[in-house]
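Here is a short set of exercises to work through with the model open beside you. Try each task before you read its solution.

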Amino acid sequence: MSGSHPFYDRQGLHRIPAETRPEKTAVRLSPRERLLEAAATLTYRDGVSVGVQALCKAAGVSKRSMYHLFESKDELLAASLKERASAYVATLLPAMDDNRPSRERILHVFEQVESQAGAPEFRGCRYLAVYVELKDQSHPASRVAHQVKANLTAFFRAEAEQGGAGDPDVLARQLSLVFDGASARSGIRADNLTGLVVPTVTTLLDTAGVH
């Protein structure tokens, strides 16, 4: 069936996670897991320029151990982004058994963005931030970020096609533009998304004829 993509199978409603992540138990985290958590936390808060020393200190791991586990800070950052991808998807996309029309499934994503943007710790989409900060598309973290963002656009396109959009490709790009713009502006506290994003998306869906 057309419209399937890396996030889920639209026909079967079976989510295909970007990466499976076993539930953490009370067992002490390994040095690798602590480094991944530190990279995720510090780079989201402070940006990708955070130093190796700060990462190792936050993780309680020596530099020697870090370089034994990862070839470089760049590889650590990429692994951290990849490891968080499935959780990122789960906070945005509708549930596997959500049988609502495509229009409502698309709006669900932007309702989640509005909700998340109200949290004090929200700093926008971590994948967009990394992609913008690094600028180098060949960077391993940039490649991960690019794939996650491309997958979200693919989700929009699949739902747009399913919902009867006249031009699913254009609508998917428009929705991605609104998503990234809303995330970025809210992340730097330049705007309040409440009552702004969902009406904007609704207008796009109406114009495209999505039901």
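**Exercise 1. Find where S62 sits, decide whether S62 is buried, exposed or partly exposed, and identify its side-chain partner.**

Solution. This is a predicted model, so keep your viewer's confidence colouring at hand.
- Step 1: look at the loop between α2 (52-59) and α3 (63-69), which is the place of S62.
- Step 2: the relative accessibility of S62 is 40%, and because partly exposed covers values between 20% and 50%, S62 counts as partly exposed.
- Step 3: follow the side chain of S62 to the side chain of S65, with which it makes a polar contact at 3.0 Å.
- Step 4: for a longer reach along the chain, take P31, which is 31 residues from S62 in sequence, with 9.3 Å between the two C-alpha atoms.

**Exercise 2. Work out how far the model's confidence extends along the chain.**

Solution.
- Step 1: begin with the average, a pLDDT of 87 for the chain.
- Step 2: add the spread, with 87% of the residues scoring at least 70.
- Step 3: then turn to residues 1-26, where the pLDDT is below 50. This stretch has 60 contacts in the model beyond near neighbours in sequence.

**Exercise 3. Describe the overall make-up of the chain: its elements, burial, contacts and surface.**

Solution.
- Step 1: count the elements, and you get 9 helices and 2 strands.
- Step 2: read them from the N terminus, where the order is β-β-α-α-α-α-α-α-α-α-α.
- Step 3: for burial, 45% of the 211 residues count as buried.
- Step 4: take the contacts with a separation of 6 or more; residues 24 or more positions apart account for 70% of them.
- Step 5: finish with the accessible surface, about 11000 Å², with 54% belonging to carbon and sulfur atoms.

**Exercise 4. Compile the surroundings of K73 and S80, both residues of helix α4.**

Solution.
- Step 1: start with K73, whose contacts, leaving aside neighbours within four places in sequence, are V48, S49, V50, V52, L55 and M66.
- Step 2: pick out V50 from that list, since a polar atom of the K73 side chain lies 2.8 Å from the backbone oxygen of V50.
- Step 3: check V48 too: K73 and V48 are 25 residues apart in sequence, and their C-alpha atoms are 9.6 Å apart.
- Step 4: move along α4 (residues 73-92) to S80. Its relative accessibility is 2%, so S80 counts as buried.
- Step 5: the side chain of S80 reaches the backbone oxygen of L36 at 3.1 Å. With neighbours within four places set aside, S80 is in contact with L36, A39 and A40.

**Exercise 5. Map the nonpolar cores and say which helices supply the largest one.**

Solution.
- Step 1: the largest nonpolar core has 44 residues, of which F110, F156, L171, F179 and V201 touch the most other members.
- Step 2: assign the suppliers: α4, α5 (102-117), α6 (126-134), α7 (140-162), α8 (168-187) and α9 (197-208) each give at least two residues to this core. The largest share, 8 residues, comes from α7.
- Step 3: zoom in on F110, which, apart from neighbours within four places in sequence, is in contact with F156, L175, V178, F179, V197, V198 and V201.
- Step 4: a second, separate core has 15 residues, including A38, A39, V52 and F70.

**Exercise 6. Test the geometry of α5 against its expected span.**

Solution.
- Step 1: because a residue adds 1.5 Å, the 16 residues of α5 should span 22 Å.
- Step 2: compare this with the end C-alpha atoms, which are 23 Å apart, and the two agree.
- Step 3: list the buried residues of α5; among them are R103, R105, H108 and E114, along with I106, L107, V109 and F110.

**Exercise 7. Examine the positive phi values of K135 and R189.**

Solution.
- Step 1: recall that most residues other than glycine have a negative phi.
- Step 2: K135, not a glycine, has a positive phi of about 65 degrees. K135 lies in the loop between α6 and α7, and at 65% relative accessibility it counts as exposed.
- Step 3: R189, also not a glycine, has a positive phi of about 60 degrees. R189 lies in the loop between α8 and α9, and at 45% relative accessibility it counts as partly exposed.

How values were computed
Residues are numbered from 1 along each chain as its sequence is written. This is a predicted model: local features need pLDDT of at least 70, side-chain atom pairs count only at pLDDT 80 or more; totals for chains, interfaces and linings use all residues. Side-chain values use heavy atoms; hydrogens and water are left out. pLDDT is the predictor's confidence in each residue, from 0 to 100. Contact means heavy atoms within 4.5 Å. Helices (H or I, at least four residues) and strands (E, at least two) are DSSP runs, numbered from the N terminus. Buried means under 20% relative accessible area, exposed over 50%, partly exposed in between (1.4 Å probe, protein chains only). A polar contact is a pair of N or O atoms within 3.5 Å; within protein, one must be able to donate a hydrogen and the other to accept it, and residues adjacent in sequence count only if both atoms are side-chain atoms. A nonpolar core is a set of buried Ala, Val, Leu, Ile, Met, Phe, Trp, Tyr and Cys residues joined through side-chain atoms within 4.5 Å. The expected span of a helix is 1.5 Å times one less than its number of residues. Accessible areas come from the Shrake-Rupley method with a 1.4 Å probe; for residues, only the protein chains shown count as cover.
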